Amino acid sequence: MAGKRTLRHRPGLWLIALALIAAIVGVLWWKLSHWRPDGAEYPVQGVWLTGNENAISIPELPGVGASFGYVTASLGAGTRNERFPETVEEMSEAGMKAGPVHVYDPCRRADEQSANFVTIVPRDADMLPPAVVLARSGEDCSPRVRPAELESELVVFLNQIEMHSGKRAILAPSASFEDEYGFGARAERQLWLSRDWLEPDYAGRPWALWTANASVRVGPVEGPVAWLVARP
C-alpha cells in the first residue's frame, strides 16, 4: 500500500503541520494579548498598575487610550506600594485620573488594614474612589474566619477608608469570592468585575468597572498589564 503513506511516514509533512499549528497559536496569542474593547463602544478606558510592572512610561499611556488608572496602594495589614504617591502624581501630570486599590486580607482585622491604607493614600478630592479587591477566602485563614465575621470586618474596613477618602468605595470581588459570599450582589456599592474578553455578570448586577483583559500588552508598559473599561 505504498500510495497510502500517512503523516507518520512523512517527517517533512509533520514538520509543516507543526509549523502551521505554531503559527496559528502565535497569531491567536498575539491577538488575545493585545485585545482591548472597541473604543467606540467603551470610550472610557484605563489601566490597573499593581506595582509589579517592570517599566512604565506613564506619559505615553493616554496615547494608547488610557484616560484613567488604578494603582495598588496597600495589601492587607502590612504591605504598601511605596511608589504609589509618585505614580499617582505622574498620572495627574499626564492628564489621567487616578485611584487607589487595596487588596483585602480576610485574615487580618479591619482597623489594621485601614491603618495601612491611610498611611500611603492621602486625602485628595481629585482622586478616584478607592477600590477594594476581594479574592481570598476566610476558609484559608488560621483560625478560619466565618462568613458573618468576614462580612462584619469588611464593612468596618469599608466605612473607615470611605471616611478617609470622602468617597464610596468600589468593590472588586473575584468570581470565586462572589460565588462563596455573594457580597457584591448585596452591597450598596459599585462593582469592579473581571473577565477576559467577555463582559462579566457573576455578581448579578451591572458592573461600573470591568477588567476586560488581565494581561494586555501595550507599548508604554514592559510586560502585561490589566486593562480596564468604565461603563458608558
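Select histidine 102 and glutamine 113 to begin: their side chains make a polar contact at 2.9 Å, the term standing for a pair of N or O atoms within 3.5 Å in which, within protein, one atom must be able to donate a hydrogen and the other to accept it, residues adjacent in sequence counting only if both atoms are side-chain atoms. This is a predicted model, in which local features need pLDDT of at least 70 and side-chain atom pairs count only at pLDDT 80 or more, while totals for chains, interfaces and linings use all residues. Residues are numbered from 1 along each chain as its sequence is written, and side-chain values use heavy atoms, with hydrogens and water left out.

Keep histidine 102 selected. Histidine 102 belongs to strand S4, where helices (H or I, at least four residues) and strands (E, at least two) are DSSP runs numbered from the N terminus. Histidine 102 is buried, its relative accessible area being 0%; buried means under 20% relative accessible area, exposed over 50%, and partly exposed in between, with a 1.4 Å probe and protein chains only. If you now display what is in contact with histidine 102, leaving aside neighbours within four places in sequence, you will find Ser74, Leu75, Gly76, Gln113, Phe117, Ala131, Val132, Val133 and Phe157, contact meaning heavy atoms within 4.5 Å.

Next, select helix H3, residues 110-120, whose buried residues are Ala110, Gln113, Ser114, Asn116, Phe117 and Ile120. They are on the same side of H3, because they cover an arc of only 155° around the axis, the arc being that of the directions from the helix axis to the C-beta atoms. To see what these buried residues pack against, add strand S2 (68-75), strand S3 (79-80), helix H2 (84-93), strand S4 (97-103) and helix H4 (147-165).

Then reduce the view to H3 and H4, whose axes come within 9 Å and cross at roughly 25°; axes here are lines fitted to C-alpha atoms, for helices over the stretch in contact, and angles run from 0 to 180 degrees between N-to-C directions. The two helices are therefore roughly parallel to each other, a label for angles under 35 degrees, whereas those over 145 count as roughly antiparallel, 65 to 115 as roughly perpendicular and the rest as oblique. The residues to show as sticks are Ala110, Asp111, Gln113, Ser114, Phe117 and Val118 in H3, which meet Glu153, Val156, Phe157, Gln160, Ile161 and His164 in H4.

Move on to H2, in which Phe84, Thr87, Val88 and Met91 are buried. Seen down the axis of H2, these residues fall within an arc of 100°, so they line one face of the helix. Their cover includes strand S1 (45-49), S2, S4 and H3. Just after H2, select glycine 95, which takes a positive phi of about 85°.

Two further backbone features lie in loops. In the loop between strand S5 (131-134) and H4 you will find proline 143, and the peptide bond that leads to proline 143 from serine 142 is cis, with omega near 0°. In the loop between strand S7 (192-194) and strand S8 (209-216), select tryptophan 197, a residue other than glycine whose phi is nonetheless positive, near 75°. Tryptophan 197 is partly exposed, with a relative accessible area of 36%.

From that loop, go to asparagine 213 in strand S8, which counts as buried at 1% relative accessibility. The side chain of asparagine 213 reaches the backbone oxygen of tryptophan 35 at 3.0 Å.

Now turn to helix H6 (residues 183-186) and select glycine 184, which counts as buried at 1% relative accessibility. Not counting residues up to four places away in sequence, glycine 184 touches Glu178, Leu191 and Arg205. A distance label between the C-alpha atoms of glycine 184 and serine 174, 10 residues apart along the chain, should read 9.6 Å.

In helix H5 (residues 175-181), select aspartate 179, which counts as exposed at 70% relative accessibility. The C-alpha atoms of aspartate 179 and alanine 203 are separated by 8.2 Å, with their positions 24 residues apart along the chain.

Finally, show the whole protein, which has 6 helices and 9 strands. Buried residues make up 42% of its 232 residues, and, of the contacts with a separation of 6 or more, 62% are between residues 24 or more positions apart.
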